[in-house]
Amino acid sequence: MSAQLLDGKLISEQIITEVRAKVDARVAAGRRAPALAVVLVGDDPASAVYVRNKKTACERAGFRSLSFEYPASLTEAELLALVRKLNDDPEVDGILVQLPLPKHINADRVIETINPHKDVDGFHPYNFGRLALKMPLLRPCTPHGVMVMLEKTGVDLVGKDAVVIGASNIVGRPAALELLMARATVTVCHSKTRDLAGKVAAADIVVAGVGIPNFVKGDWIKPGAIVIDVGINRLENGKLCGDVEFEVAKQRASWITPVPGGVGPMTIALLMQNTLDANIHLYP
């Protein structure tokens with residue numbers, strides 16, 4: 001058996017096309033296009049690529065893209081002042097501060113300063129709490145993208161055994177909440193979990209977001225399971241790989257995401273969806 005690929009590029013294109021159609025309709029009705037403000041502090045190469053991709057997606061979605069790029073020497077007070085200014089700007093619907101931030105800046109403080117109704121990353125405690133209470137507003141983009149991909153399989157998640165590997169606030173924890181909301185039975189694991197192989201082997205759905213290349217061995221995967229690999233790691237030879245041993249896992253899984261081209265594009269597509277939702281919330 002060879003798994004079917006969950007093509008994140010294709011699904012993300014569909015989402016952005018749908019977002020663009022809604023934006024065009026709103027603009028035709030006399031409303032303004034959504035505006036996304038992206039803040040980049042420092043010169044991290046990966047962050048610069050992500051920001052560039054987000055700008056491109058904004059253009060495709062018909063959004064106004066606002067870019068604020070600063071050296072790593074920017075102080076926390078200066079960054080917080082910028083965030084508050086964007087909070088107060090009625091022309092800005094979404095605020096995204098690219099992570100990671102330089103070590104002298106408290107990322108949690110910055111996230112909590114963002115107006116939760118403009119928090120298009122979905123990281124503010126208000127939005128995280130709403131997800132935990134099954135009342136989602138702006139959902140964390142990557143886990144939401146995972147759920148959209150799972151929906152595309154056509155598999156009913158109710159009662160399925162799901163294992164989430166990794167417990168970060170960006171992927172693991174919100175992914176577990178998303179799966180619980182879909183009425184799956186969820187086990188959250190991490191790199192120190194005992195008998196991780198056994199837990200993965202019993203899972204109908206595996207979501208890997210631990211950030212370690214090929215950490216999840218392909219022969220752990222239960223035959224017929226769905227594998228969502230959120231990891232993206234660069235090897236010494238320059239190649240990208242996920243957290244799951246792809247070549248072995250795809251011979252056992254029913255569905256699997258490639259790396260690259262799987263979850264990554266979904267994150268940006270759901271960011272566009274969140275920005276449109278924020279625009280509609282602020283200006284119905």
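# A tour of the sheet, its helices and the largest pocket

Begin by selecting helix α6 (residues 141-153), which lies across β7 (205-208), β8 (226-229) and β11 (255-256) and runs at about 155° to β8. Helices (H or I, at least four residues) and strands (E, at least two) are DSSP runs, numbered from the N terminus. Axes are lines fitted to C-alpha atoms, for helices over the stretch in contact, with angles running from 0 to 180 degrees between N-to-C directions; contact means heavy atoms within 4.5 Å.

The model is predicted, so local features need pLDDT of at least 70 and side-chain atom pairs count only at pLDDT 80 or more, whereas totals for chains, interfaces and linings use all residues. Residues are numbered from 1 along each chain as its sequence is written, and side-chain values use heavy atoms, with hydrogens and water left out.

**The sheet**

Keep α6 displayed and select helix α7 (residues 172-181), which packs on the sheet and touches β5, β6 and β7. The direction of α7 makes about 170° with that of β5.

Next, display the strands themselves. Six of them form an open sheet in the order β1-β11-β8-β7-β5-β6, and their pairing is parallel. Since β1 (4-5) and β6 (185-189) stand at the edges with a single partner strand each, one side of each is left without a neighbour in the sheet. Two strands count as paired if DSSP finds at least two bridges between them. At the β6 edge, select strand β5 (residues 161-165): five bridges join β5 to β6, and the two run parallel. Within this pair, V164 stands opposite V188 of β6.

**Backbone exceptions in the loops**

Most residues other than glycine have a negative phi, and most peptide bonds are trans. Four sites in the loops merit a visit.

- Select L99 and P100, which are joined by a cis peptide bond with omega about 0°. P100 sits in the loop between β4 (94-97) and α4 (107-113).
- Select V259 and P260, where the peptide bond is again cis, with omega near 0°. P260 belongs to the loop between β11 and α10 (263-282).
- Select K134 in the loop between α5 (125-132) and α6. K134 is not a glycine, yet has a positive phi of about 60°. The residue is exposed, at 61% relative accessible area.
- Select N214 in the loop between β7 and β8. N214, also not a glycine, has a positive phi of about 55°, and is partly exposed at 25% relative accessible area.

Here buried means under 20% relative accessible area, exposed means over 50%, and partly exposed lies in between (1.4 Å probe, protein chains only).

**Salt bridges**

A search of the whole structure finds nine salt bridges, a salt bridge being a side-chain nitrogen of Lys or Arg within 4 Å of a carboxyl oxygen of Asp or Glu. Three of them are on this tour.

Select R32 and D93, whose side chains meet at 2.8 Å, N to O. This pair links distant parts of the chain, 61 residues apart: R32 is in the loop between α1 (8-28) and β2 (35-41), and D93 is in the loop between α3 (76-88) and β4. R32 is partly exposed at 25%, whereas D93 is buried at 0%. Add E91 to the selection to display a network of salt bridges that links R32, E91 and D93.

Move on to E76 and R109, a salt bridge of 2.5 Å, N to O. E76 in helix α3 and R109 in helix α4 are 33 residues apart, so this pair too links distant parts of the chain. E76 is buried, with 16% relative accessible area, while R109 is partly exposed at 41%.

Finally, select R139 and E178, whose closest N and O atoms are 2.7 Å apart in a salt bridge. R139 lies in the loop between α5 and α6 and E178 in helix α7, so the pair ties together parts that are 39 residues apart in sequence. E178 is buried, with a relative accessible area of 1%.

**The largest pocket**

For the last stop, select Y50, T142, I232, G264 and T267, which lie nearest the centre of the largest pocket among its 49 lining residues. The elements giving two or more residues to this lining are α1, α2 (45-61), β4, α6, β9 (233-234) and α10. Helix α2 provides the largest share, nine residues.

The space in this pocket comes to about 1400 Å³. On a 1 Å grid over the protein atoms alone, a cavity is a set of points where a 1.4 Å probe fits but cannot get out, and a pocket is an open set with protein on both sides within 12 Å along at least five of seven lines; lining residues have an atom within 4 Å of a point. Grid points are joined across faces, edges and corners, and a volume is the space filled by probe spheres set on the points.
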